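Student: Got a minute for the structure I'm about to put up? I want to go through the ligands, then the cysteines.
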Amino acid sequence: MSESLNLDWGNLPFSYIKTDYNIRCYNRNGEWGQLESTSSERIDLHMASISLHYGQQAFEGLKAFRGKDNKIRLFRWEENAKRMQSSADGILMPQVPTEMFKEAVFKAIEMNEKFVPPYGSGASLYIRPLLIGSGFGVGVRPADEYLFVVFVSPVGPYFKEGFKPVKMLLVHNYDRAAPLGTGNIKVGGNYAAGLVAMKMAKEKGFANVIFLDSKEKKYIDECGPANFFGIKENTYITPKSPSILPSITNKSIEQIAKSLGLNVERRKVPLEELESFEEVGACGTAAVISPIGKIVDNLTQKEYVYSTDGNPGKTSTKLYETLLAIQNGDLPDEFGWVTIVE
Ligand code: PLP
Ligand code: COI
């Protein structure tokens, strides 16, 4: 039971906390081996590992929630399994089979059951599957050995503000991914590419950055580690772009929005449209729904203000509450998104 651990569940940051076990599996000679559990936080990796030098690695992020009934609910794990397969295809790694992904994720949760935060704490168990080209070499080529790891960590909100409007810096002079590059898969290089822009934004007091499309610099792409959405005239609008990560949270919010009677549009979002939104926000597994109170354009210094009283908008609040209630079992799982971890 989570209550027996001496953790301040209500004030957890989004960071790594050591748990008891993680799950691993190697792919050698093109074959996956057996899943193993370990208490070690270390990986024994060759210094010439292809993952370290040529960035052959991908990861996922999903969450499990404890309900009022004390059951643990895992959100849309099949979607993460699929996306990890598409990341693997994108950088020539072997796919982790769906069943193996499931078994590893469920084992990681079950073996660390006491780290699943209690119902009502606002925290959840973040699950981080990782796939790396562990094999070594010096020439550029795919690795000949792969390691799949699943670890977990109890987490609180990604942005320290929690469900409070954050400030975002819109950048013109940095890209996280190229139009035909790897922006649509979840590989570490995309995040490395965004670090300088993020550091600059944080130094100026912003929670993160908003990237524009890297080809024309005319359209909103995404928000640091989350997708972007805007709301106006009873419509939920979110960018369509080849270089953004297809967010599972965003897909879910689109369905929730429809069920709440909103129109949903997934299309290019021109920069000028920022002016007309009533509410805007960032969404993702870690970010959940993070309302954006203000966007500052780093080139023109133009400011777009969405919240003047420090409160999130009505529609974002409704979407947020509905998503959370489905995830922790307070609302019926009418979309079939939740799997109970027995
Ligand atoms: N965009 C980026 C760049 C991300 O890292 C994430 C997080 O996974 C998302 C969007 C949101 O995706 P999801 O909702 O599947 O977590
Ligand atoms: C997630 O939302 O799961 C992410 O992967 C974001 C992250 C890079 C912290």
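Tutor: One term before we start. A polar contact here is a pair of N or O atoms within 3.5 Å. Keep in mind that this is a predicted model.

Student: Fine. How far is the side chain of Lys186 from an oxygen atom of ligand 2?
Tutor: An N or O atom in that Lys186 side chain sits 2.6 Å from the ligand 2 oxygen.

Student: And which backbone atoms lie by an oxygen atom of ligand 2?
Tutor: Ala286 has a backbone N or O atom 2.8 Å from an oxygen atom of ligand 2. For Thr285, a backbone N or O atom is 3.5 Å from a ligand 2 oxygen.

Student: How much of ligand 2 does the protein bury?
Tutor: Alone, ligand 2 exposes 280 Å². The protein buries 89% of that.

Student: What surrounds ligand 2?
Tutor: Its shell includes the aromatics Phe14, Phe59, Tyr126, Tyr158 and Tyr191. Also there are Gly61, Arg128, Lys186, Pro225, Thr285 and Ala286.

Student: How does that shell split by class?
Tutor: Seven residues around ligand 2 are nonpolar, two are polar and two are charged.

Student: On to ligand 1. Which residues come nearest?
Tutor: Ligand 1 has 16 residues around it. Tyr191, Glu222, Ser247, Thr249 and Thr285 come nearest.

Student: Which side chains lie by its oxygen atoms, and at what distance?
Tutor: The Thr249 side chain has an N or O atom 2.5 Å from an oxygen of ligand 1. For Arg83, a side-chain N or O atom is 2.7 Å from a ligand 1 oxygen. Lys186 appears again, with a polar side-chain atom 2.8 Å from an oxygen of ligand 1.

Student: How much of ligand 1 is covered?
Tutor: On its own, ligand 1 has 380 Å² of accessible area, and the protein covers 97% of it.

Student: Where do the two ligands sit?
Tutor: Ligand 1 takes up space that is the largest pocket. The space taken by ligand 2 is the largest pocket too.

Student: Switching topic. How many disulfides does the structure hold?
Tutor: Zero.

Student: Why is Cys283 in no disulfide?
Tutor: The nearest cysteine sulfur, that of Cys223, is 8.2 Å away. A disulfide needs the two sulfur atoms within 2.5 Å, so Cys283 does not qualify.

Student: Is Cys283 buried or exposed?
Tutor: Buried, because its relative accessible area is 0%, and the cut-off for buried is under 20%.

Student: And Cys25, buried or exposed?
Tutor: Cys25 is buried as well, with a relative accessible area of 1%.

Conventions
Residues are numbered from 1 along each chain as its sequence is written. Chains are lettered from A and ligands numbered from 1 in the order in which they are written. This is a predicted model: local features need pLDDT of at least 70, side-chain atom pairs count only at pLDDT 80 or more; totals for chains, interfaces and linings use all residues. Side-chain values use heavy atoms; hydrogens and water are left out. Buried means under 20% relative accessible area, exposed over 50%, partly exposed in between (1.4 Å probe, protein chains only). A residue is near a molecule or strand if one of its heavy atoms lies within 4 Å of it. A polar contact is a pair of N or O atoms within 3.5 Å; within protein, one must be able to donate a hydrogen and the other to accept it, and residues adjacent in sequence count only if both atoms are side-chain atoms. Accessible areas come from the Shrake-Rupley method with a 1.4 Å probe; for residues, only the protein chains shown count as cover. On a 1 Å grid over the protein atoms alone, a cavity is a set of points where a 1.4 Å probe fits but cannot get out, and a pocket is an open set with protein on both sides within 12 Å along at least five of seven lines; lining residues have an atom within 4 Å of a point. A molecule sits in a cavity or pocket if more than half of its atoms lie within 2 Å of its grid points. Ala, Val, Leu, Ile, Met, Phe, Trp, Tyr, Cys and Pro count as nonpolar, Asp, Glu, Lys and Arg as charged, and the others, Gly among them, as polar.
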